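Colleague: I've got a structure open and I'd like to learn how you back up what you say about it. Mind if I quiz you?

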Amino acid sequence: MTIPTSSIEQVIPGQGSMAQPEEAHPSKRKRQRFTFIRNKKAAVGLTIFGLYVLFAIIGPWIAPYDPSARGNDLVQPPSADHWLGTTHLGQDVFSQILVGTRSVMYVGLLAGTIATVLSILIGVTAGYLGGKTDDVLSAFANVILVIPAVPLMIIITSILNNASDTLIALVIGLTSWSWNARVLRAQTLSLGRRDYVEASRATGEKTWRIIGFELLPNLTAVIASGFVGTVIFAVLSEITLAFIGIVSNNGWNWGTILFWAQGQQALAQNAWWWFVPAGLAIAFLGTALSLINFGIDEFVSPRLRSAGKTKVKTASGRTVRMRIGFTPVLSSKGGEPS
Amino acid sequence: MRYFLQRIAFYLFTAWAAITLNFFIPRLVPGDPVQSLIAKYRGQLSSDAIQSLYVLFGLDKQESLWQQYLDYWKQIFQGDLGLSFTFFPAPVSQVISQALPWTVMLVGITTIISFMLGTGLGVLAGWRRGSWADGLLPVTTFFSSVPYFWLGIIAIYLLAGPDSFFPSSGGFDSGLVPAWDQYFIPSAIQHSLLPALTILISSVSGWILSMRNMMVTVASEDYITVAHAKGLSERRVAVSYAARNALLPNVSGFALSLGFIVGGTLLVEIVFSYPGLGFTLLQALGAKDYPLMQGIFLVITISVLVANLLADVAYLLLDPRTRKEG
């Protein structure tokens with residue numbers, strides 16, 4: 001039914017993607033997505049991330065106890081009743097972690113979205129328009145980048161008494177977009193000089209259309225990896241804010257658990273079950289997101305892929321280390337050069 | 001030289017932006033925060049402190065916003081950051097000047113070690129791709145995803161204790177007086193080992209990763225092949241040809257990521273009760289001591305700017321291209 005995309009491009013050379021019929025898109029996109037998943041790192045990362053999203057949705061329903069409900073077993077190690085032990089008030093740590101997942105994921109994804117949208121607006125505009133606009137926007141992004149974000153967040157959140165999750169996501173999003181904007185600006189600068197963009201400019205396309213339909217699709221990978229990076233940063237920031245106790249105390253997230261553990265001397269009581277699981281939950285989420293980012297990086301730039309078997313025996317019995325991007329060099333003595 | 005002047009102008013502009021931000025943040029608070037603070041302290045605040053609070057929050061209605069802004073600048077140039085009420089009646093500048101050396105020493109030394117170690121390992125991982133060095137990546141990724149402070153908690157749990165060599169909190173033995181003598185300095189070093197290790201482990205992975213990626217990119221350049229073809233030793237090609245060129249983005253990255261590292265370090269100090277800015281910030285947060293919080297933010301920002309300027313000087317020395325156009 002569908003005509004292979006490659007033949008179309010040969011038939012109508014020079015007109016590029018604008019000339020492609022609609023039917024050609026799904027099959028092409030499916031194939032690309034498949035390559036991305038085939039990357040082992042990305043697949044593992046996406047699987048773990050999916051689990052977290054699942055728990056963010058169903059966590060509060062499947063939690064065995066109310067995370068704030070007090071019990072009679074104070075500071076108990078893990079048992080059949082309380083899988084991850086209890087706190088100083090007899091609260092169930094496992095339930096706290098399950099319920100806390102939602103707040104963490106919500107803030108992380110919302111802040112990531114806010115920061116990504118801002119960085120696209122500012123970075124792509126600066127890179128494409130150039131000139132004075134670029135100077136002003138770049139200076140603005142650099143200023144925000146250099147000012148340390150975490151202390152700024154701490155001060156803003158502490159002045160906004162008992163900020164809600166949404167407000168915290170807003171504060172994190174507004175303070176963490178600048179790195180991505182910088183990367184996007186550089187990428188847009190290099191794309192903006194390509195022939196196909198010049199061509200669409202010459203045919204009199206409107207600026208918004210060039211940005212939206214010519215530039216943005218080619219920036220997808222950069223945007224995606226920026227988004228993932230910001231989500232990691234936002235999650236860590238939210239947990240940091242909760243850990244030092246300046247976030248509203250009516251909700252649970254992993255930082256709140258650590259806040260209580262630290263405040264109630266969990267260390268001195270050897271109550272490892274109180275602070276280890278929450279930290280591991282953060283670490284695995286962060287690792288999953290980093291793996292997705294590695295996947296994106298390697299998808300975009302094949303050179304970064306870890307090479308598999310690299311030692312090859314030549315006919316004369318020498319070993320040569322093959323590396324992507326390197327021209328193999330035989331040393332005069334034979335064998336592997338140190 | 002022109003490049004250098006541009007950078008200085010940029011940092012002055014950023015400092016201005018940070019100070020202005022610092023001026024406006026307290027003025028955005030709705031309601032009358034001073035009344036709630038007075039209520040919180042139940043009459044323990046002196047009238048001086050209350051007056052300075054009204055000025056801080058811009059509730060001093062007798063002056064226009066512009067006049068307040070000018071006054072604020074005048075105060076900053078005099079080094080007057082207001083009165084702290086956690087450490088009442090000490091002025092904020094005095095509290096900060098006591099805490100600052102601790103943070104600067106801890107962060108400065110660990111960041112430099114971490115940068116050198118990470119870059120070195122990154123060179124190795126990028127050059128010997130496909131060998132055991134690839135195994136570094138997942139391990140370091142995991143550690144960089146862990147919040148600094150949680151790693152600190154774990155370090156205290158595993159390594160510190162009553163009988164352990166590592167003390168679990170503080171910056172020096174409680175029986176000592178800060179001084180440059182043979183009792184105090186070893187104690188201070190001993191107390192800083194564990195926090196420093198924590199920061200090192202969490203921050204080193206970023207350098208490894210970015211250096212590895214740069215090495216991989218640089219290694220496919222023609223001049224590397226030429227260097228190989230000339231018969232230069234592997235070591236010489238890796239260090240003098242590839243690593244030297246791959247280092248540049250890492251140096252500019254060093255400047256930019258300082259702000260993030262400082263943020264993480266504040267938290268490590270809190271966990272270890274280390275007497276630096278982070279711990280002071282925690283105390284200020286607990287007491288809603290806004291003048292102290294703002295002073296700390298300002299000092300951290302200015303320090304990061306100075307460190308950035310130093311990194312720019314290093315960049316200038318490393319990259320001849322920036323020097324040529326002067």
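Colleague: Which helices do the buried residues of H11(A) pack against?

Modeller: Keep in mind that this is a predicted model. In chain A, the partners are helix H4 (93-129), helix H10 (207-243) and helix H12 (272-300), and chain B adds helix H7 (148-159).

Colleague: What makes a residue of H11(A), say Trp260(A), count as buried?

Modeller: You count C-beta atoms: 20 or more others within 10 Å of the residue's own and it's called buried. Trp260(A) is in that class, and so are Trp254(A), Gly255(A), Thr256(A), Ile257(A), Leu258(A), Phe259(A), Ala261(A) and Gln262(A).

Colleague: Why is helix H11 of chain A called largely enclosed?

Modeller: Its residues run from 254 to 263, and nine of the ten are buried, so the rest of the structure largely encloses the helix.

Colleague: What is phi like at Gln265(A), which follows H11(A)?

Modeller: Positive there, near 55°.

Colleague: How do you know which parts of chain A carry the label "transmembrane region"?

Modeller: That comes from UniProt, in an unreviewed entry, and the stretches include residues 42-63 and 104-129. Such annotations may be inferred rather than shown by experiment. In the model, residues 42-63 of chain A are 95% helix and 0% strand, with end C-alpha atoms 29 Å apart. Residues 104-129 of chain A are 100% helix, and their end C-alpha atoms lie 37 Å apart.

Colleague: And where does UniProt place that feature in chain B?

Modeller: Among the places in its unreviewed entry are residues 99-124 and 188-209. Residues 99-124 of chain B are 100% helix, with 38 Å between the end C-alpha atoms. For residues 188-209 of chain B, also 100% helix, that distance is 32 Å.

Terms used:
Residues numbered from 1 in each chain as written. Chains lettered and ligands numbered in written order. Predicted model: local features only at pLDDT ≥ 70, side-chain atom pairs only at ≥ 80, totals over all residues. Buried ≥ 20, exposed ≤ 12 C-beta atoms within 10 Å, placed from the backbone. Helix = DSSP H or I, 4+ residues; strand = E, 2+ residues; numbered from the N terminus. Contact = placed C-beta atoms within 7 Å.
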